[in-house]
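Trainee: I would like to take a close look at a single part of this structure and understand how its residues are placed. Could you walk me through it slowly?

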Amino acid sequence: MFPASRYSSRAQRCIRALKTVPPDHAAPQLYTTLHRRACSSVSAPRITTHYTIHPREKDPRWEGVEMERFGDEADVVIVGGGPAGLSAAIRLKQLANEHGKELRVCLVEKASQIGAHTLSGACLEPTALTELFPDWKERGAPLNTPVTEDVFSILTEKHRIPVPMLPGLPMRNHGNYIVRLGNFVRWLGEQAEELGVELYPGYAAAEILFHEDGSVKGIATNDVGIAKDGSPKDVFERGMELHAKVTLFGEGCHGHLAKQLYKQFNLRENCEPQTYAIGLKELWTIDEKKWKPGRVEHSVGWPLNRNTYGGSFLYHLNEGEPLVALGFVVGLDYTNPYLSPFREFQRWKHHPFVAPTLEGGHRIAYGARALNEGGLQSIPKLTFPGGLLIGCSPGFMNVPKIKGTHTAMKSGMLAAEAIFPKITAESLDSETDSMYLSTPETLKNSWVWKELYAVRNIRPSFHNYFGLYGGMVYTGVFYWILRGKEPWTLKHCGLDAHQLKPAKDCTPIEYPKPDGKISFDLLSSVALSGTNHEGDQPPHLTLKDDSVPVARNLTIFDGPEQRFCPAGVYEYVPVETGDGMRLQINAQNCVHCKTCDIKDPSQNINWVVPEGGGGPAYNGM
């Protein structure tokens, strides 16, 4: 999508330095259990072979291997090619052009193409876009479907209770656009490239680099050519180091580098733990007679009980064919280990209010992604020596609106405006010194902060005896009347991983079998995500202790990872000797949603990046 011939000569030198063995995306993988290698948590071979758990310095197979990395310098390095990262890059180059400054901005993205890992509903509020590009319509931004109709429902098993969308309620979508966010992000990438941003899709930021004084120096991209057993292949090559005055981390929800920064700089000292949800999405072509371009439908209630936070969306797109985007969101603070978000989604599609839209249609895409739900209470300190957190990595999603793109974009733009004067100051002692930044007051004075402050109590208000219904009453009374000006701030319940009850205290959930017309099985769904990973590499779903899955997760919680994963990555299978069970990790199925890292009750799973270019290949999700 970004041919090398269009880069600057300096960028081309970097690409040559970043040469790898690219994953083969030509043929789709077969998602069957026949070709999966069995990995055991109770016997050899071990499950985890990744060097982040088993250091190469202690592995004799790595003796004598050349480990030197090529390094390059930029003014700003941005990790993540999503709305926040690209908006920050664009704003930096806009400021540089306005002030006649030379500024080198490099952006690395783990997906094989810009937008290929992007998944959202998505109903876009264009506030930040209009600030970034007032002429976005003339530039051809892919916002083709203005919202024309808002429908909100409470579902029971057989019926629908309509809820009026009064002006002022956060979910009212007047003035917004239904978009395919991957296409929108791809367009942002094109705008960034035109301004001179150096984009490096297919190269995952695997490591944070530090100066001797402890400040962030930059990042290193992932090594390639490592075999599944953790040994070097003949084609092994080190990643590249990118050094910068400032590094912006916009990895998206639950970024693996952001987790390290939280600990390194104690960034979560004065905020609540982040809480999350998992969102699952499908794209369908439907009967044209049922197609209502611009119609937005949301629901809460069935099939979830009143104490499980979640809901659905169904958006009618206007993109030249009768296309709908539909999905289901489940808060990851649920308590029953038998709950399967994927199967709840499939069951929801059979509701009498939903099924008629899909009957006779054809499903063309599937994907899943975790999303932040902590809101204002869970935003960490954003700055640290040498860098900032932006976008959904720290968590700027407006949960009641079910929107985070506009706030993520604005956070990246504000970060760019905060760092630009510092990185272009002529008094800077060294081009490679990192900036020591303080949290910009412009953020707390912006509409982002005001928006999140106003809705700060809506999500935690659902933690009451009446659950969903108590939360809706709170929203209707306190938010609609006071607009978030109540003199208190409610708290969340703690880490999502700690909310599961032991299996013995819960009732198993009997899910209906998929009919293959409206509802589907998991593996055929994953096949529609375009997910592909180089097969002979260490599984990037690492375990801190390979014995924990069977000893604790299976024993106490009946192996919840085999249900909360939306891609069939985890399954418990009999040990070959017939004397117990073992965990099998099918890392090739991973859609990079991060749910396992979040919801694992033992917090034993650590998601790290695979070889760059691997993962889902969402086509405009």
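Mentor: What follows begins with a small sheet and the loop beside it, and then turns to the salt bridges. Please keep in mind throughout that this is a predicted model.

The part I have chosen starts with an open sheet of three strands, whose order is S3-S7-S4 and whose pairing is antiparallel. Its edge strands are S3, which covers 123-124, and S4, which covers 145-146, and each of these pairs on one side only. Strand S7, made of residues 177-178, pairs with S3 in the antiparallel sense over two bridges, and in S7 it is Tyr177 that stands opposite Leu124.

Glu125 lies in the loop between S3 and helix H3, the helix that spans 127-132. Glu125 has a relative accessible area of 14%, and because anything under 20% is called buried, Glu125 counts as buried. Its side chain makes two polar contacts that we can follow in the model: one reaches the side chain of Thr127 at 3.0 Å, and another, of 2.7 Å, joins it to the side chain of Lys401. If we leave aside the neighbours within four places in sequence, the residues in contact with Glu125 are Asn176, Lys401, Lys403, His406 and Glu451.

From this loop we can move on to the charged pairs, for the structure holds 29 salt bridges. One of them is formed by Asp72 and Arg104, with the closest N and O atoms 3.1 Å apart. Asp72 lies in strand S1 (residues 70-79), while Arg104 is in the loop between helix H2 (83-99) and strand S2 (105-109), so this pair ties together parts that are 32 residues apart in sequence. Asp72 is buried, at a relative accessible area of 13%, and Arg104 is buried as well, at 7%.

Another salt bridge brings together the side chains of Arg91 and Glu417, at 2.9 Å from N to O. Here the pair links distant parts of the chain, since Arg91 belongs to helix H2 and Glu417 to helix H8 (residues 405-423), 326 residues apart. In this pair Arg91 counts as buried at 15% relative accessibility, whereas Glu417, at 32%, counts as partly exposed.

Notes: Residues numbered from 1 in each chain as written. Predicted model: local features only at pLDDT ≥ 70, side-chain atom pairs only at ≥ 80, totals over all residues. Heavy atoms only, no water. Pairing = 2+ DSSP bridges. Helix = DSSP H or I, 4+ residues; strand = E, 2+ residues; numbered from the N terminus. Buried < 20%, exposed > 50% of the residue type's maximum accessible area, 1.4 Å probe, protein only. Polar contact = N/O pair within 3.5 Å; in protein donor to acceptor, adjacent residues only side chain to side chain. Contact = heavy atoms within 4.5 Å. Salt bridge = Lys/Arg side-chain N within 4 Å of Asp/Glu carboxyl O.
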